Amino acid sequence: MSIDLEKVLKLSAETDTINLSVLNETSWFNVTWLCGYIWVSSALIAKETTFEDFLASVFKNDPTDPNLPIDRWIPHCDIREVSKEKLLSHLDHARSDLAEAKSEEGCEFPTVDMPLNESSTLNLRSCYEIVGITNPCNKHQYGPTYIYVWRSGDWYHYCEIHNES
């Protein structure tokens, strides 16, 4: 199984909203101490759906205020299957960034449970990373952005980690 980024782009451009027949959906966005952010989105799908449908829906609801629209950066990206270990390593890093941000005066973030924990990778069916192959391959002008999408059981998960410094 793979993800067709051209199809994601087409679905994103075709409709204002994408109906996924979602049974349960969560989305969370917060700034980290690195002048970056972490954005997580999960959806329990009621019917069989594709990664393309899920990603198009996620990108339609992007809270990150990107410098470039999706049609400018996604064509310069590739999708690569990644191991559960690599995903867990990045989720650990994200939790660490959030913990450091909480220690700064005036920075109080909610407790993030799902999908920044190992239980979100139980029954892992597939896991991918969206990586740049040519420029512009990032929706932001400064710093790297790491994007992971995976399916665990009937849940689809999206995690975007952006570090500006």
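Is Ser 41 buried or exposed? At 5% relative accessibility, Ser 41 counts as buried, since the cut-off for that class is under 20% relative accessible area. The points below place this residue and several others within the model, which is a predicted one.

1. Overall architecture. The secondary structure of the protein chain consists of four helices and six strands. From the start of the sequence to its end, these elements follow the pattern α-β-β-α-α-β-α-β-β-β. The protein chain has 165 residues, of which buried residues make up 47%. Among contacts with a separation of 6 or more, 71% are between residues 24 or more positions apart.

2. Ser 41. This residue has its place in strand β2. When neighbours within four places in sequence are left aside, Ser 41 is in contact with Thr 26, Ser 27, Phe 54, Val 58, Tyr 156, His 157 and Tyr 158. Two of these partners, Phe 54 and Val 58, are listed among the buried residues of α2, and β2 is included in what covers the buried residues of that helix.

3. Helix α1 and its two faces. Helix α1 spans residues 5–14, and its buried residues are Leu 5, Val 8, Leu 11 and Ser 12. Seen down the axis of α1, these residues fall within an arc of 120°, so they line one face of the helix. The face turned away from the buried side carries the exposed residues Glu 6, Lys 10 and Ala 13. At the N-terminal end, Asp 4 caps α1: one of its side-chain oxygens lies 3.0 Å from the backbone nitrogen of Glu 6.

4. Surroundings of α1. The buried residues of α1 pack against two helices, α2 (51–60) and α3 (70–73), and against two strands, β3 (77–81) and β4 (124–132).

5. The pairing of α1 with α2. The two helices pack at an angle of about 50°, and their axes are 8 Å apart. Helices α1 and α2 are therefore oblique to each other, and their crossing is right-handed. On the α1 side, the residues involved are Lys 7, Val 8, Leu 11 and Ser 12; they meet Glu 52, Asp 53, Leu 55, Ala 56, Phe 59 and Lys 60 in α2. Of the α1 residues in this pairing, Val 8, Leu 11 and Ser 12 also belong to the buried residues of that helix.

6. Helix α2. This helix is mostly covered, with nine of its ten residues buried. The buried residues are Phe 51, Glu 52, Asp 53, Phe 54, Leu 55, Ala 56, Ser 57, Val 58 and Phe 59. Their cover includes the helices α1 and α3 as well as the strands β2 (37–45), β4, β5 (145–152) and β6.

7. Glu 160, a buried acidic side chain. Glu 160 lies in strand β6, which runs over residues 155–162. At 0% relative accessibility, Glu 160 counts as buried. Its side chain makes a polar contact with the side chain of Tyr 158, at 2.3 Å. Residues up to four places away in sequence not being counted, Glu 160 touches Tyr 37, Ile 38, Trp 39, Thr 64, Lys 139, His 140, Thr 145, Tyr 146 and Ile 147.

8. Residue pairs distant in sequence. Thr 32 lies in the loop between β1 (22–31) and β2, and it is buried, with a relative accessible area of 5%. The C-alpha atoms of Thr 32 and His 162 are separated by 8.9 Å, although these residues are 130 residues apart along the chain. A second pair involves His 93, found in helix α4 (residues 84–102). His 93 is partly exposed, with a relative accessible area of 37%. His 93 and Ile 161 are 68 residues apart in sequence, and from C-alpha to C-alpha they are 9.3 Å apart in space.

9. Backbone geometry in two loops. A cis peptide bond joins Asn 135 and Pro 136, with omega at about -5°; Pro 136 has its place in the loop between β4 and β5. Asp 65 has a positive phi of about 55° although it is not a glycine. Asp 65 is found in the loop between α2 and α3, and it is exposed, with a relative accessible area of 66%.

Conventions
Residues are numbered from 1 along each chain as its sequence is written. This is a predicted model: local features need pLDDT of at least 70, side-chain atom pairs count only at pLDDT 80 or more; totals for chains, interfaces and linings use all residues. Side-chain values use heavy atoms; hydrogens and water are left out. Buried means under 20% relative accessible area, exposed over 50%, partly exposed in between (1.4 Å probe, protein chains only). The arc is that of the directions from the helix axis to the C-beta atoms. Contact means heavy atoms within 4.5 Å. A polar contact is a pair of N or O atoms within 3.5 Å; within protein, one must be able to donate a hydrogen and the other to accept it, and residues adjacent in sequence count only if both atoms are side-chain atoms. Axes are lines fitted to C-alpha atoms, for helices over the stretch in contact, and angles run from 0 to 180 degrees between N-to-C directions. Angles under 35 degrees count as roughly parallel, over 145 as roughly antiparallel, 65 to 115 as roughly perpendicular and the rest as oblique. A crossing is left-handed if the near helix is turned anticlockwise from the far one by less than a right angle, and right-handed if clockwise.
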